[in-house]
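Subject: Structure handover

Hello,

Here is the model I promised to pass on. Please have it open while you read the notes below it.

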Amino acid sequence: MTEKTVLNATHRALGARMVDFGGWDMPINYGSQIEEHHAVRRDAGMFDVSHMTVIDLHGARTREFLRHLLANSVDKLKVHGKALYSCMLNEQGGVVDDLIVYYLGEEFFRLVVNAGTRAKDLAWIEQQAAPFEVQVKERPEFAMIAVQGPNARAKVLGLLHDVDRPRIEKLGKFSAAAAQGPHGMPLFVARTGYTGEDGFEIIVPAEHAVALWEALAAAGVAPAGLGARDTLRLEAGMNLYGQDMDESVLPWEANLGWTIALDEGRAFIGRAALEQQKAAGVPRVMVGLVLDDKGVLRHGQKVLTANGEGEILSGSFAPTLNKAVAFARIPAGEPGDVRVDIRGREVPVRLVKYPFVRDGKPCAGI
Amino acid sequence: MSEIPGDLKFLKSHEWARVEDDGLVRVGISDHAQGQLGDLVYVELPEVGSAVKAGAGAAVVESVKAASDIYSPVSGEVVEVNELLNDKPEIINEDAFGEGWIFLVRPSDRGELDELLDANDYEELVENEDH
């Protein structure tokens, strides 16, 4: 049985092409994925991300529990509303999921995890939380709308109650706060995103989601599907769980080293395996590829290097760059001339540092 | 969705064939197919002079989402390709049954055309697919 978000009928009324996405009936586009991509890079677009899972954690030992659960250090969260990106790992160091954790009080943290991993994540978190007496509470009564683009914040701010507007306008990156939206609806507004543009991700009670969507549309925010979301995040150099990393991949091999906090004396799950692999040497690395010729890099294509074969993880045509880019996992070491096997043809590609695009512009060297 | 022109014949895999006045067969993909694929970003055209076989891959269209083989509805020799698609693959999205044609074949066995679906049968196929 496919699940539907509360905005399902709204998407259909807009003529969206719907697809199954991790068990959810979601809009892939509303006509042109490329136009939606450009709308986010140049102005403002919105995505229904209500399929994502919101989990609230309550209890006196919640911070202590998160020190154990997360590979990043929850002790970086000192200010109310501050958010942190982290992986949760298994004992082998493989990535169970990536998530955002919000600090909402010393006894109250909020997690937002992926939709496709919901059941497994909940089971894992509950199992790990039990000894800490932390209450794990899923919040399916929430919807979520991501509003992204250079004009996204201004358009959202215009819909907020006067008393909240100055405070939300000053909200720093990777921070969240409560605010009142149209008709006084209660919103949780986070300055986060998955596109490489500025903007907000807004958690809203499901019964207000359609009204919020319509108010945003009236303010000139363009509906954008999950297709555009995927090309935007790829250009922005952001990993997708299940494609770029999973339980068989250690963070070192997925360019997630920056999210690993090996702070002294913290025994988080998977730490021993991570330290062991780091000491032994990481066998594979994740790199960015650009195809200057015609063609499209795709998930699963073989990558040929001087040290052996690798494979494309996320790959797509990049609308901002008008050429194909990809993440690939290849053997460590000097790779020499890198080629990709596209339908039996060896096509030369360039190895680059990513992100490929940031704040609407191609990055240097792309 | 635009009307399906009555003079076209189809493969189940959504390629169309149009017999021109000079007996050559023009090939493209249906409007339904372009809609399913989404924005096209690249078309790999066959070479002029190459041989194509009915039901075998002759070209590739790539959308943002996926790459798809284009099968030739008839066997024969490719006599012309739509060079405009090299720079503007989106022509297929805009006019799949017209300006978005892909290649032109001199058929070696005109009997193969009788194996194809007519416009009505194709329309029915697409309707059933949508349910």
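Five residue pairs are in polar contact between domain 1 of chain A and domain 2 of chain A, counting pairs with both residues at pLDDT 80 or more. The salt bridge count between these two domains is zero. Keep in mind that this is a predicted model.

First, the bounds. Domain 1 of chain A is assigned to 8-47 + 141-234, and domain 2 to 283-366. Their C-alpha centres are 30 Å apart.

Now the interface. On the domain 1 side of chain A, nine residues make contact; on the domain 2 side of chain A, 13 do. Together the two domains of chain A bury about 960 Å². Carbon and sulfur atoms account for 60% of that.

Which three residues of domain 1 of chain A supply more of its buried area against domain 2 than any other three? They are R41(A), G196(A) and L234(A), with 51% of the area that domain 1 buries there.

Next, the elements on the domain 1 side. Helix 2 (33-42) and helix 8 (226-235) of chain A each give two or more residues to the side that touches domain 2. Helix 2 of chain A has the largest share, with four residues.

Last, the residue classes. The side of domain 1 of chain A that touches domain 2 has four polar residues, three charged and two nonpolar. Set those three charged residues beside the count of zero salt bridges between the domains of chain A.

Over to you.

Best wishes

Notes. Residues numbered from 1 in each chain as written. Chains lettered and ligands numbered in written order. Predicted model: local features only at pLDDT ≥ 70, side-chain atom pairs only at ≥ 80, totals over all residues. Heavy atoms only, no water. Domains from an automatic or database assignment. Contact = heavy atoms within 4.5 Å. Buried area = accessible area lost by both parts, 1.4 Å probe. Salt bridge = Lys/Arg side-chain N within 4 Å of Asp/Glu carboxyl O. Polar contact = N/O pair within 3.5 Å; in protein donor to acceptor, adjacent residues only side chain to side chain. Nonpolar A, V, L, I, M, F, W, Y, C, P; charged D, E, K, R; others polar.
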